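Subject: Structure handover

Hello,

Here is the structure for you to take over. Please open it alongside this note.

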Amino acid sequence: MFFSGSEGAFAVKAHRENNRWRVEQLLDHEVSDLYVCDLDDDGEEEITTINGFHGNTLAVYKHGASGYKEIFNYTLNYGHTVWAGRLQGQPAIITGELFGEERFIILTATGSQKFSEVYVGNGVGPFGVKVHEAGAKTYLLVPARAAEAVLL
């Protein structure tokens with residue numbers, strides 16, 4: 001289980017042998033939203049975050065010998081919600097903004113540790129996102145300030 005807050009990003013693991021919880025700090029800066037998944041298929045999970053409370057930076061972190069290191073960032077205006085995973089088989093990140101242009105943004109991988117915009121909807125202001133794939137169709141449930149349908 002993962003959680004974030006003003007103190008950083010954390011992983012919580014239960015030990016089966018003694019039923020004790022272990023908390024590991026992964027990042028030591030304020031993180032408002034986070035999603036953990038293996039974006040590059042190397043068997044290691046990357047952490048995708050919005051840094052700061054509704055901050056202005058979406059970032060992806062990869063684990064290395066000295067901990068997690070930022071490998072990608074993207075500028076947001078009052079960032080809100082983050083999802084990372086595969087959309088139609090391709091590594092992707094979904095995020096959004098609650099102020100400014102209130103963008104709903106889908107980024108897909110364009111190479112090693114690089115992503116580019118494939119969809120930007122203005123005036124949406126997403127509060128969250130749920131991805132559901134059914135056969136060849138991908139559905140995105142996006143509670144938001146404004147209604148907009150996205151079918152991939």
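My notes on the sheet, the core, the aromatic pairs and a few single residues follow.

One point before the rest: this is a predicted model.

**The three-stranded sheet**

Strands 1, 2 and 3 make an open sheet, in the order 1-2-3. The pairing is antiparallel. Strand 1 (2-5) and strand 3 (21-27) are the edge strands. Each has a single partner strand, so one side of each has no neighbour in the sheet. On average, neighbouring strands here are turned by 30 degrees against each other, direction ignored. Strand 1 is joined to strand 2 (residues 8-14) by four bridges. For one specific register point, look at F2: its bridge partner in strand 2 is A11.

**The core**

The largest nonpolar core holds 14 residues. The residues with the most contacts inside this core are L39, L58, F72, Y74, I93 and L107. Four elements give two or more residues to the core: strand 6 (57-64), strand 7 (67-75), strand 8 (79-87) and strand 10 (104-111). F72 is a good place to start looking. Leaving out residues up to four places away in sequence, F72 touches L58, A59, V60, L107, Q113, K114 and F115. Two of those, L58 and L107, are also on the list of residues with the most contacts inside the core.

**Aromatic pairs**

Searching the whole structure gives five aromatic pairs. I describe two here.

Y35 and W83 form a tilted pair. Their centres are 6.0 Å apart, with 50 degrees between the planes. Y35 sits in strand 4 (residues 31-37) and W83 in strand 8, so this pair ties together parts 48 residues apart in sequence. Burial differs between the partners: Y35 is partly exposed, with a relative accessible area of 30%, whereas W83 is buried, at 9%.

F104 and Y119 form an edge-to-face pair. The values are 6.2 Å centre to centre and 65 degrees between the planes. F104 lies in strand 10 and Y119 in strand 11 (residues 114-121), so the pair links parts that are 15 residues apart in sequence. F104 is buried, at 2% relative accessible area. Y119 is partly exposed, at 25%.

**Backbone points to check**

Most residues other than glycine have a negative phi. Two residues here have a positive one.

- T81 has phi near 75 degrees. T81 is in strand 8 and is buried, at 6% relative accessibility.
- E102 has a positive phi of about 50 degrees. E102 belongs to the loop between strand 9 (90-97) and strand 10. Its relative accessible area is 18%; the cut-off for buried is under 20%, so E102 counts as buried.

**The glycine at 125**

G125 is in the loop between strand 11 and strand 12 (130-134). What is its relative accessible area? The value is 0%, so G125 is buried. Leaving out residues up to four places away in sequence, G125 touches E97, L98, E102, A144 and R145. E102 in that list is the positive-phi residue described above. A144 is 19 residues from G125 along the chain, yet their C-alpha atoms are separated by 5.3 Å.

Over to you.

Best wishes

Conventions
Residues numbered from 1 in each chain as written. Predicted model: local features only at pLDDT ≥ 70, side-chain atom pairs only at ≥ 80, totals over all residues. Heavy atoms only, no water. Core = buried A, V, L, I, M, F, W, Y, C linked by side-chain atoms within 4.5 Å. Buried < 20%, exposed > 50% of the residue type's maximum accessible area, 1.4 Å probe, protein only. Contact = heavy atoms within 4.5 Å. Pairing = 2+ DSSP bridges. Axes fitted to C-alpha atoms, helices over the stretch in contact; angles between N-to-C directions. Phe/Tyr/Trp six-rings, centres within 6.5 Å; stacked < 30°, edge-to-face > 60°.
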